[in-house]
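Colleague: Could you take me through the ligand site in this one, and then the strands that go with it? I'd like a close look, not a grand tour.

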Amino acid sequence: MRIISGAKPSGKLHIGNYLGSIKNWVKLQEDPKNECWFFIADYHSITEDYDPKQKSKEIFDMALDLLALGLGPKKSVLFQQSRINEHANLGWIFNTIVRMSELERMTQYKDKALVQKQNVNVGLFDYPALMAADILIYKAEAVPVGEDQLQHLELTRDIARRFNEKFGKIFPEPKSILTETPRIMSLTDPLKKMSKSGGEKSYIALSDSPEIIREKIKIAVSDAGGKDKRDGGDNLLSIFNAFTQTKEEKTEYLSYKKDHEAGKLRYAGLKPRLAELIADYFADYRKKHIEFSKNPDYVKKVLAEGAEKALAIAEKTLKEVKQKIGLII
Ligand code: TRP
């Protein structure tokens, strides 16, 4: 099965990003039946407000993060989106297939347009057409994403179907793959999704030291759930569950959960243990991160080789598309 996914480079990865989709990338590449392609969605990232002086560092750091998590050359292809011109090229063709009304329905667009009122650029609106191109140019069959991307995936399938019906079948209709972890909420405001915009204390970055993790978890809000919403305690427990690896840890989780349900969970016990669990989980990542950051040429080489492989397929698909729509004379 061919699998593709991308993530925007926007500084540090946090555990919300990781548990939402990247954890699945690592898992999927372990299955030899899968052929995995993962990319840094830098063209998507420039639809948000950004500092051009920081961008290349963000892209590099993202590559470093992915490598330190164990993604990479032996098991999957890593590349940078903007190096493959064919993505944007196919995105243009999809612009003539997707409807304004479809893009207007996208909740990510509506949410972001409210946040960046001064910068509601056309790219932000057109984001899903490029995303569909990212996926379909490799004729991918499955896409591991966070649940906030499901609507874009649905639109990708609509675009594929419409193209196939109109011009002849070339695209599969890719399915989404979700992690089993529920949405991870902010540590300081458990009614909001974990995000960097919530401030340093609201998220745990993969690169946070064990001391910082302990500090952030210690001050994490444990109640404050609204009606029908999961509260901060539920959030801490689902983070705990997500990072359990051994049978003993699972049992430990279940006993905390039971206590929580009975209303007698002691956070003074849970919190330091949770911090330790997270810190241990990323110990190997932190070690590899240091190693790879000493070797920037290697990181760049991985991306260069990835681009070469991606280009070979992207070129072929774009040619096929042009042929189908009658542009080749
Ligand atoms: N929109 C995705 C996100 O914000 C990133 C992305 C861009 C992507 N292109 C993609 C994900 C193609 C999967 C496939 O997380």
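How do the residues of the shell around the ligand divide into nonpolar, polar and charged?

Modeller: Bear in mind that this is a predicted model. The shell splits into seven nonpolar residues, four polar ones and two charged ones. Altogether 13 residues surround the ligand, and the closest are Gly 6, His 44, Tyr 127, Asp 134 and Gln 149.

Now for the polar contacts. Tyr 127 has a side-chain N or O atom 2.7 Å from a nitrogen atom of the ligand. Gln 149 also puts a side-chain N or O atom by a ligand nitrogen, here at 2.9 Å. With Lys 8, the ligand atom is an oxygen, and a polar atom of the lysine side chain sits 3.4 Å from it. As for cover, the ligand on its own has 360 Å² of accessible area, and the protein covers 91% of that. Two elements, β1 and α7 (122-136), give two or more residues to the shell. Of the shell's contributors, α7 has the largest share, with four residues.

So much for the pocket; on to the strands. β1 covers residues 2-7 and pairs with β2, in the parallel sense, over six bridges. To get from β1 to β2 the chain goes through helix α1 (residues 15-28), making a right-handed β-α-β crossover. If you want one residue to anchor your view, try Cys 36: this β2 residue is the bridge partner of Ile 3, and it also stands opposite Ser 76 in β3. That second pairing, between β2 and β3 (residues 76-80), is parallel too and runs over five bridges. As for cover, β2 (residues 35-40) has five of its six residues buried. While you're looking at side chains there, remember that in a regular strand they alternate between the two faces of the sheet.

One last stop, if you have a minute, is Gly 199, in the loop between β5 (175-177) and α9 (210-218). Gly 199 counts as partly exposed because its relative accessibility is 29%, and that class lies between the 20% limit for buried and the 50% limit for exposed. If you like a distance to go with it, take Asp 223, which is 24 residues from Gly 199 along the chain, with 19 Å between the two C-alpha atoms.

Key
Residues are numbered from 1 along each chain as its sequence is written. This is a predicted model: local features need pLDDT of at least 70, side-chain atom pairs count only at pLDDT 80 or more; totals for chains, interfaces and linings use all residues. Side-chain values use heavy atoms; hydrogens and water are left out. Buried means under 20% relative accessible area, exposed over 50%, partly exposed in between (1.4 Å probe, protein chains only). Two strands pair if DSSP finds at least two bridges between them. A crossover is right-handed if, with the strands pointing away from the viewer, the path from the first strand over the helix to the second runs clockwise. A residue is near a molecule or strand if one of its heavy atoms lies within 4 Å of it. A polar contact is a pair of N or O atoms within 3.5 Å; within protein, one must be able to donate a hydrogen and the other to accept it, and residues adjacent in sequence count only if both atoms are side-chain atoms. Accessible areas come from the Shrake-Rupley method with a 1.4 Å probe; for residues, only the protein chains shown count as cover. Ala, Val, Leu, Ile, Met, Phe, Trp, Tyr, Cys and Pro count as nonpolar, Asp, Glu, Lys and Arg as charged, and the others, Gly among them, as polar.
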